[in-house]
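Visitor: Please show me the sequence and the model, and then take me through the surface patches and the aromatic pairs.

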Amino acid sequence: MELAVGETQVRRLGVNGSLDWRGGQQELHLRLQYNRYEGEEYRNRLNFRNDGLAGTERLVQVDSGRTGLAQPDAMVVGSDPDLGRIYGYSTADMKDVDGDGRITDADRDVRSIYSLAGASGVWDPMGFRLRRFWEATRESGLLSSITVGGRRWDGPWRIDYDVSLSRSQDDLDEGALLEFRTDAVEWLGNRGVRVVETDDPRFRLWGLNPAGMAAVQDPAAYDFRHLGDEWEQTSETLAQAQFGLTYTPTGGWLESVQAGGRYMHSNRRSAGGARPDLIGPETLADLEGLFGAPVTDLFDGRYVGDHRLGVVLDSRRMSAEIERAYRGDSAYFTVDPAFEPQADAERFRLKEQAAAGYVMAAARWAGTEITGGVRVEHTRSKVSFPILDALRGDGRDQRRNSFTNVLPSLHLRRALEGDKVLRAAIWTSFARPDIARMTSARQYVYDQDPDRDGEVNPEADWILQEIRQGNPDLKPMEAIGYDLSLEHYGRSTAWSAALFHKDIHNFLYRASTSSIRDGGLIDRGDENGTPVRAYANGRRARISGVELAIRHGLDWAPAPLDGLGVTANLTWQVSRADANIVWRVGDRLPFTETPETLASVELFWQGGGWEAAAGWSRQGGFLEGMDSFANDPYEQAYSFVDISLRRRLGGDGLASIQIRNLLNSHTYWYTFGSGPEDLREYIRTGPTVTLAISRSF
């Protein structure tokens, strides 16, 4: 379990420009943008984890699947000054590691959080990791682009065209992690750390004896473990060109015919490395000169007293001290002379090309409009990724992939009596595979301690356990949608009611990372008998639902009430998905990141150059990913209250203030399973205030 406090600062700077020219039969335009982003995030964390540490070795069952064996404490029959306790187990029950014909403490061989290494073992953590972390993340981003295009027309014909070039960067300038850790095996009389239930499952507490509770708040109880700093640079150069040709006949039922095409070429690259590790003082207490104000209360009195977060490091002083350490003049840290420098290692390179063409037509007669068309898009990609093999040496590999999507659609609009409109549509769409899952490294995972003695064995004894890799052959997600809606547009009131259904194939889900096992990778066969785990597409998903919306304004009321109005929206949907995971065959789950309900209400007013609004919004809970052993993570529901105020400054200026999450609701509540009982993570970030001034020239 973990308790943490953090702070985030974000700075954005952007310039957008536009130049337009219009002649008798053509228009030309030039669009420019340059936007920079800088962000800093700091966190102090207190962390407990029951674990099988050195000193938690257990007796090993001969038959690992056997149940019903008595527990070790009940089987003690004597003691030996050299071998420790003597047990009444036979050598047919437990492995006689030292071969002396007796089962004693000397035969404890496997680290575990259970009383025995086998099916008869029960939960019995002897030790836990007691840790405090400080971490800093500095990120920067850049997006710049230039677009040149225009349109030309002559009679019923019109051509539109655009050519653009953009460059983006998304960099991790600093990723520092400082860890102080004590392996607390039977520490101060504690066997593991207990989880104490409270009246609210979001706010569980840690439980230790009085000496342990006091020591948690003592910085001297935390030994220095590690301080490292990494960086990563990701960039993309994107070139695009597109055109559209439109024919608009005069008279008749045919309104227009359009055809066009688009070409895209993208080149993405990611590289990263690490600065030398730093060696710190003996314990956290030795950094007293870098401490910030202690945190004595979190979550409105839930974490106070012995359950407070307590000592934290001042983030500004810590960051400055790290830089001094790399210059050689820090009072607390020195560069580790044994650290092997890491060069500018390329994480991946992805080249992608897409060519698309479309044709569509629109027709109208007797209040009915029909628009139909088809789009064909072909995508090719080439990905280069690293091979990580600690035994045979690292390397690189590359793969190619291609796919073609045919995307027809048909839309109908029918005007009805009483300012009502009926709409219906059948449409198709697709989404390209996630870049991270296509470009992940191919990693060979070895058991480097097969005899479980706590020491790394010679390389000749290592056992290849599995191969983990990305999947450049992921298929695009494809969807067919069906929509039907009835809408009304009146002078003061507008409303709509809609039904929708989506059939999704080859879906791309975000599988989570479990605390038990990495759930993001799926068994994908074997290579020479070694299991291969890689990302895969899901099979099929369905989403069906209804959307309701209304907007009503008091434009008939006397001033200033004539600027008052209200809007309300409600979406209710149900979903099902087939996971395409070997160990979950037949499981039917909700589709990931698809909340059952979305609702919002907003009260607004405008007049005299002022605009004001107050709104409430709610998003229902949803399945966030698919985890190993059906230990599925869910994000619980949340609701926000937001307010905003805007003032127009002349004809071309605007000033505004917006406060989001005014009542400080949680922003993230993450659980194992759909209920609130099994907490994984709970975050409150407080209200967000945005001030903005803009002016157009």
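**Surface patches and aromatic pairs**

Visitor: In which strand does Glu41 lie?

Guide: The model is predicted, with residues numbered from 1 along each chain as its sequence is written; local features need pLDDT of at least 70 and side-chain atom pairs pLDDT 80 or more, while totals for chains, interfaces and linings use all residues. Side-chain values rest on heavy atoms, without hydrogens or water. Strands are DSSP runs of E, at least two residues long, and helices are runs of H or I, at least four, both numbered from the N terminus. Glu41 belongs to the strand of residues 26-50, which is β2.

Visitor: Is Glu41 buried or exposed, or does it fall in between?

Guide: Glu41 joins Glu139, Asp170 and Asp173 in a negatively charged surface patch. Its relative accessibility is 38%. Buried means under 20% and exposed over 50%, with partly exposed in between (1.4 Å probe, protein chains only). Glu41 therefore counts as partly exposed.

Visitor: Which strand gives the most residues to the nonpolar patch?

Guide: The nonpolar surface patch consists of Trp21, Leu28, Trp157, Ile159, Tyr161, Phe243 and Leu245, with about 650 Å² of accessible area together. Patch residues have over 30% relative accessible area and no salt bridge, like charges being joined within 9 Å and nonpolar side chains within 5 Å. At least two residues come from each of β8 (157-185) and β11 (224-247). The strand giving the most, with 3 residues, is β8.

Visitor: What is the relative accessible area of Leu28?

Guide: Leu28 is a member of the nonpolar patch and lies in strand β2. Leu28 is partly exposed, because its relative accessible area is 37%.

Visitor: How are the rings of Phe299 and Tyr682 arranged: stacked, edge-to-face or tilted?

Guide: The whole structure holds 18 aromatic pairs, found by ring centres within 6.5 Å. Planes under 30 degrees apart count as stacked, over 60 as edge-to-face and the rest as tilted. For Phe299 and Tyr682 the centres are 5.6 Å apart and the planes meet at 55°, so the pair is tilted.

Visitor: How many residues separate Phe299 and Tyr682 along the chain?

Guide: Phe299 sits in the loop between β13 (278-279) and α2 (315-327), and Tyr682 in strand β35 (residues 679-683). Both Phe299 and Tyr682 are buried, and they share one aromatic cluster with Phe203, Tyr303 and Trp669. The pair links distant parts of the chain, with a separation of 383 residues.

How values were computed. Areas by Shrake-Rupley, 256 points an atom, 1.4 Å probe, with all protein chains shown as cover. Salt bridge = Lys/Arg side-chain N within 4 Å of Asp/Glu carboxyl O. Lys, Arg positive; Asp, Glu negative; His and termini not counted. Charge placed at Lys NZ, Arg CZ, Asp CG, Glu CD. Phe/Tyr/Trp six-rings, centres within 6.5 Å; stacked < 30°, edge-to-face > 60°.
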